[in-house]
Amino acid sequence: MKMIEMPVIDQAKCNGCGLCLSVCSCQALVLVGNVVTAVETTDCGWCTLCEAVCPTGAIRCLYEVVIEE
Amino acid sequence: MCCLCATVGRGDIILGNMVVEAEFLKSIPYFAGLSPVELDAVARRILEREVKRGEIILFEGEPARELYFVASGVVKVFKTSPEGKEQILQLIRPGESFNDVPVFGGGLNLASAEAMAPGVLYGIRKSDLEIMLRDHHKLAQNVIQVLSQRIEHLVSLVEDLSFRHVTGRLARILLEYAGDKGGERRLLTQQDMAAMAGTAREMIGRSLKFLEEEGVVRLERHRIVIKDKKALKEIAGVAD
Ligand code: SF4
Ligand code: SF4
């Protein structure tokens, strides 16, 4: 099965504040214990709000830049 | 909380809540270093407001009546262009304030604010703030400090006001990262782009949207696809 790209979470930086979950419009992020994990889902439309709101810089929504053939 | 209810009277429970509130208040730059008596005076004037996701808290152009602090949740401060386009100016997280400049300046709300998540806001009325500032010098000092930081932030935004420059720098970054065929994939975030372009993340979001509307790039999940390399080069100011 093809892996779905998801925002990358640096769990060492996550303080469990839950702000990313609160702005996410799908259920892509969950708190497990006291750190956030991303669940693979195409519902995540890469709005990057989770990255924008994270106070510790723990979430990275990475882009690959490609030229259309 | 339950053990409190079981063992103490009503007044004490309220006191218990106040302690929590005071702890939170102390973490807000406006109230740093205030004495317990002063914090208590502040807490008494706070109006708690629960907000739902998507709820509009303030409308741009209306008289500024209250200063707000986010206790929980996230608030988006934004402006809407005459064409109806929204521009996010700032995301306000717990402990941060918004609408301060117009409240102190006595003007109109400079931007609108919307709750991006369910949350709780603490509001203080303009008239109450004025009384508190008169009575508590430390608070007045803090306000000056917070407002000077705001000015610093605004000055840095003004330096970036030339939207064209930011878009040009972004175009250069995209060209540099594109077409790295065969080699290792180089990935970058909007935060990285902002740092590389020496601007705020919000400006990058705006520039990307602009490039997409112009038909130069297409934003996909996880990918920025350059549709018109020639146009991007022109925007970047680099020769073909
Ligand atoms: S916003 Fe950042 S620090 Fe807070 S829970 Fe999410 S990943 Fe962790
Ligand atoms: S990019 Fe948007 S949809 Fe995807 S996980 Fe983050 S907040 Fe949720």
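Trainee: Which residues are around ligand 1?
Mentor: A residue counts here if one of its heavy atoms lies within 4 Å of the molecule. The names that pass in chain A are Cys14(A), Asn15(A), Gly16(A), Cys17(A), Gly18(A), Cys20(A), Val36(A), Cys54(A), Pro55(A), Thr56(A), Ala58(A) and Ile59(A).

Trainee: Hang on, where do the numbers and letters come from?
Mentor: Residues count from 1 along each chain as its sequence is written, while chains are lettered from A and ligands numbered from 1 in the order in which they are written. This is a predicted model, so local features need pLDDT of at least 70 and side-chain atom pairs pLDDT 80 or more, while totals for chains, interfaces and linings use all residues, and side-chain values use heavy atoms, without hydrogens or water.

Trainee: How many residues around ligand 1 are charged?
Mentor: Sort them by class: Asp, Glu, Lys and Arg are charged, Ala, Val, Leu, Ile, Met, Phe, Trp, Tyr, Cys and Pro nonpolar, and the others, Gly among them, polar. The shell has eight nonpolar and four polar residues, and the charged count is no residues.

Trainee: And around ligand 2, how many are nonpolar?
Mentor: That shell includes Pro7(A), Trp46(A) and Cys47(A). Two of its residues are polar and no residue is charged, so by the same classes the nonpolar count is nine.

Trainee: What share of chain A is buried?
Mentor: Buried means under 20% relative accessible area, exposed over 50% and partly exposed in between, using a 1.4 Å probe on protein chains only. Of the 69 residues in chain A, the buried share is 46%.

Trainee: Is Leu89(B) buried or exposed?
Mentor: Leu89(B) lies in strand 5 (residues 86-92) of chain B; strands are DSSP runs of E, at least two residues long, and helices runs of H or I, at least four, numbered from the N terminus. The relative accessible area of Leu89(B) is 27%, so the label is neither of your two words but partly exposed.

Trainee: How far apart in space are Leu89(B) and Glu202(B)?
Mentor: They are in contact, with heavy atoms within 4.5 Å. In sequence they are 113 residues apart, yet C-alpha to C-alpha the gap is 6.7 Å.

Trainee: Which strands are at the edges of the sheet ordered 9(B)-5(A)-11(B)-10(B)?
Mentor: This is an open sheet of four strands with mixed pairing, where two strands pair if DSSP finds at least two bridges between them. Strand 10 and strand 11 of chain B, for instance, are antiparallel over four bridges. The ones pairing on one side only are strand 9 (187-188) and strand 10 (217-220) of chain B.

Terms used. Lists of a residue's contacts leave out its neighbours within four places in sequence.
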